[in-house]
Every structure is written in C-alpha cells, then in structure tokens.
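Subject: Structure handover

Hi,

Here is the structure I promised to pass on. Have a look at it first, and then read my notes underneath.

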Amino acid sequence: MKKLLVCIALVLVSLSRCVESQIEVGFYEDSCEMAEFIIKDEVTKALNKDKGLAAGLVRMHFHDCFVRGCDGSVLIDSTPSNTAEKDSPANNPSLRGFEVIDNAKTRLEAMCKGVVSCADILAFAARDSVEITGGFGYDVPAGRRDGRVSLASETLTNLPPPSFNVDQLTQNFANKGFTQLEMVTLSGAHTIGRSHCTSFNNRLYSFNATVDQDPSLDSRYAAILKQKCPQGNDPTLVVPMDPPSPNTMDTSYYQGIIANRGLFTSDQTLLTNPTTANQVNQNARNPFIWKNNFAAAMVKMGKIGVLIGTAGEIRANCRVING
Ligand code: HEM
Ligand SMILES: *[C@@H]1O[C@H](CO)[C@@H](O)[C@H](O)[C@H]1NC(C)=O
C-alpha cells in the first residue's frame, strides 16, 4: 500500500520515473555523478594510444544494439557451455575496444558499485568516440540495463553482411525501426576504421561465375587493394575503409562512394538506387547535415530493445553475467 502511494505520488511528479518507460539524459546525475566524465576520460586515454579504437567502439555499440537490443550482450565472454556474440564470425576477430569498456567499468564499480550498466558505458563510449574523431557530440539517454543472454547464432540473422545490396540493407534496418535515409546516414560510420581483407576480397578475386573483379569497383582502387590484400585469405591483413581520412568523422566516405571506391558491396550499392544515391550526394557535399543526422540516428540506435526498470541486471563485470 505504501509503495503504491509512493508510486502515485511519483506519477504526479513525473510519469516516466514511476513506470520507467524509457531511458533518459542525465540518468546518473544523482546515483553516479562522475560516470560520463570517467568514461570519457578512459576513451580519451585509449584513443591517445590507438586512434582506431574510436571506430571499434562505434561499431561495438552498433553490434550490441542490433542483436537483442542495446543490452551489453556483445560484451559477454563465451563460456564452456555457450558461444557468445563476440565469438561469432561477424565479431571475432574484428571487434575491438573491449578493454576500454573494462577499464571504465572497473573505475565505476570502485566509485559507485552496481550502478552503471555495461550497456550504458558502451553507449557513452561510442558517443565520445564520435565526438573525439570530429563528429557532433550528442546527449546520450541512459538507464539501460544489462542482458543475461548472448548467443553467437543471433548475430547471423540480425547483423547485415558486407555483401548486402541496397534493398537487403533497407530491409535489415527497417527490421530495427530505421528509415532508408537513416540507413544511409549510419553507413557513414565507415568513414572511420578499418576492414580485414577477408571481409571484401571476393570483390577482388572471386566476384561471380563470369567476372573475377567487381566491375562497380574503381579499377585503380582495385589494383591498390590487391596489393594490400594479396589472394589467399590472410586473416591478419587490414586496410583503412576511408583511406583519405581513416580517423576522422567527415564525409569523405560518401565522396569515396561517388568515386566508386566504396570498400564493401554494402557501401557501393548505395549508388545503385536513385533515392539513396541522392542521399549519398547530399551527404558528400554537406558535412553539417550528415553529422547532425548521424548524431540523431545514433541516439535512435541506442534505444533499440533496451532493458529498463527491473529488467536485466547491472553486471559487475561486463564480460560475465552476475552469479
Ligand atoms: C550498413 C550495413 C553495414 C555493414 C554491411 C557493415 C559491415 C562492416 C564490416 C564487414 C566491417 C569490417 C570488419 C572487419 O573486417 O574488420 C565494418 C567495419 C566497421 N563498421 Fe560497419 N557495417 C554496416 C553498418 C555500420 C553501422 C550502422 C555502423 C555504426 C553506426 C558501423 C560502424 C563500423 C565501423 C566504425 C567499422 C570499423 C571498425 C574498426 O575499425 O574496428 N557499420 N562494418
Ligand atoms: C557477374 O557480374 C557481372 C557484373 O555485375 C554481371 O554482368 C554478370 O551477369 C554476373 N554474372 C553472373 C553469373 O551472375
């Protein structure tokens, strides 16, 4: 009865707090005031050592959110009885930046034990990475809780492979509540980071039954890529995805697509549909609009399937579900 009265009283103050129906900006203001600052400090330190980790953290947040929602499931380690998301081919060996999340978590647990979720740490770290590499900063609504399930098999059905064409990409993003424009906007994340040769070398050596090399790939660029990625599937080789500015959130990714230098089929395909081609052109010319749209799309992505209120848990160690 007392609880009900408290709840009714809270309804009068703020409906969202009572039913906890959504995540909110400033969630840790009272419970762990320094949380966002600590996370930004850890991200900054990590990027000073390795700029590429910014791309790693942005991609990790994407891969978290598209599989079981933004619940930190991508951070969970495999166990003898379970192969976790991070050990699926979509994530291993390509995902990077796990130590940055671990380091932030260790400091936050020491300061405010059991308060800040791993899913939120990742969302903040992705935002910080965007901002530090030249994108627009944005407020991150928080209050996500951590999931207790992570299955490698679920990455296959939820994450788009680099072989997807524009219709498949549009459908995949629609499944997560995104418009086609938002899909084009978020693809711009490929303006930072790297790819393993194995993710695209079919375009260089084994495109289809009649042609070895993808004719939609600029032939001079293909020649450069063939030097960096000799035939043979060496799993250690990597190339920058946007060679002119691999660590900067700019729109040269879109300029690359216009020059037929999109690295993946899923990048170059954006030019094959009049609507998405138009959006590629707009973004290429208009960094301000793209950065704005990108920030908004990241906030939206961060809301996919979140666990709130009493669902899930606050993991003590981001790699392990609580005992
Ligand atoms: C549109 C569909 C997408 C496909 C098919 C796709 C696919 C890929 C692939 C195959 C890689 C290379 C992995 C490797 O071999 O190392 C990659 C890298 C990357 N992706 Fe995507 N991606 C997509 C969308 C996104 C989105 C929405 C984001 C974030 C908002 C994103 C962020 C990144 C980043 C930052 C990297 C570089 C990672 C690093 O340097 O460690 N991607 N993506
Ligand atoms: C291979 O790709 C080329 C260029 O896109 C295309 O013209 C051809 O029809 C394709 N062949 C097969 C067997 O799919």
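Pro89 lies in the loop between α4 and α5; helices (H or I, at least four residues) and strands (E, at least two) are DSSP runs, numbered from the N terminus. With a relative accessible area of 70%, Pro89 is exposed. For the terms I use here, buried means under 20% relative accessible area, exposed over 50%, and partly exposed in between (1.4 Å probe, protein chains only). The C-alpha atoms of Pro89 and Gln255 are 29 Å apart, with their positions 166 residues apart along the chain.

Before going on, a word on the ground rules. This is a predicted model, so local features need pLDDT of at least 70 and side-chain atom pairs count only at pLDDT 80 or more, while totals for chains, interfaces and linings use all residues. Residues are numbered from 1 along each chain as its sequence is written, chains are lettered from A and ligands numbered from 1 in the order in which they are written, and side-chain values use heavy atoms, with hydrogens and water left out.

Back to the loop between α4 and α5, which also holds Pro93. The peptide bond leading from Asn92 into Pro93 is cis, with omega near 15°. Arg68 sits in that loop too. Arg68 is not a glycine, yet its phi is positive, about 65°. At a relative accessible area of 39%, Arg68 is partly exposed.

Asn260 also has a positive phi, about 60°, without being a glycine. You'll find Asn260 in the loop between α12 and α13 (265-268), and at 33% relative accessibility it counts as partly exposed.

Pro93 turns up again as a contact of His196 (contact means heavy atoms within 4.5 Å). His196 is in strand β1 (residues 194-196) and, at 11% relative accessibility, counts as buried. Leaving aside neighbours within four places in sequence, His196 touches Pro93, Ser94, Pro235, Leu237 and Val238.

Now for the helices. How many of the 13 residues of α4 are buried? Twelve are, so α4 is largely enclosed by the rest of the structure. Those residues are Leu53, Ala54, Ala55, Gly56, Leu57, Val58, Met60, His61, Phe62, His63, Asp64 and Cys65. Their cover includes α3, α5, α6 (118-132), α8 and α15. The length of α4 works out as well: at 1.5 Å a residue it should span 18 Å, and its end C-alpha atoms are 18 Å apart, which agrees. The expected span is 1.5 Å times one less than the number of residues.

Two of the helices covering α4, namely α3 and α5, also meet each other. The axes of α3 (residues 35-49) and α5 (residues 98-111) come within 9 Å and cross at roughly 145°. Here axes are lines fitted to C-alpha atoms, for helices over the stretch in contact, and angles run from 0 to 180 degrees between N-to-C directions. From α3, the contact is made by Ala35, Ile38, Ile39, Asp41, Glu42, Val43, Lys45 and Ala46, and from α5 by Val100, Asn103, Ala104, Arg107, Leu108 and Met111.

Next is α8, where Val166, Leu169, Thr170, Asn172 and Phe173 are buried. They cover an arc of only 165° around the axis, which puts them on the same side of α8; the arc is that of the directions from the helix axis to the C-beta atoms. Among the elements covering these residues are α4, α7 (153-158), α9, α13 and α14.

As for α14 (residues 274-285), its buried residues are Thr276, Ala277, Gln279, Val280, Asn283 and Ala284. Seen down the axis, they fall within an arc of 160°, so they line one face of the helix. Exposed Pro274 and Arg285 are on the face turned away from that buried side. The buried residues pack against α8 (166-174), α9 (180-187), α12 (252-258) and α15 (287-301). The twelve residues of α14 should span 16 Å at 1.5 Å a residue, and the end C-alpha atoms are 17 Å apart, which agrees.

One last spot to look at is Gln22, in the loop between α2 (15-19) and α3. Gln22 counts as exposed at 52% relative accessibility. Its C-alpha atom is separated by 8.4 Å from that of Lys303, although the two are 281 residues apart along the chain.

Cheers
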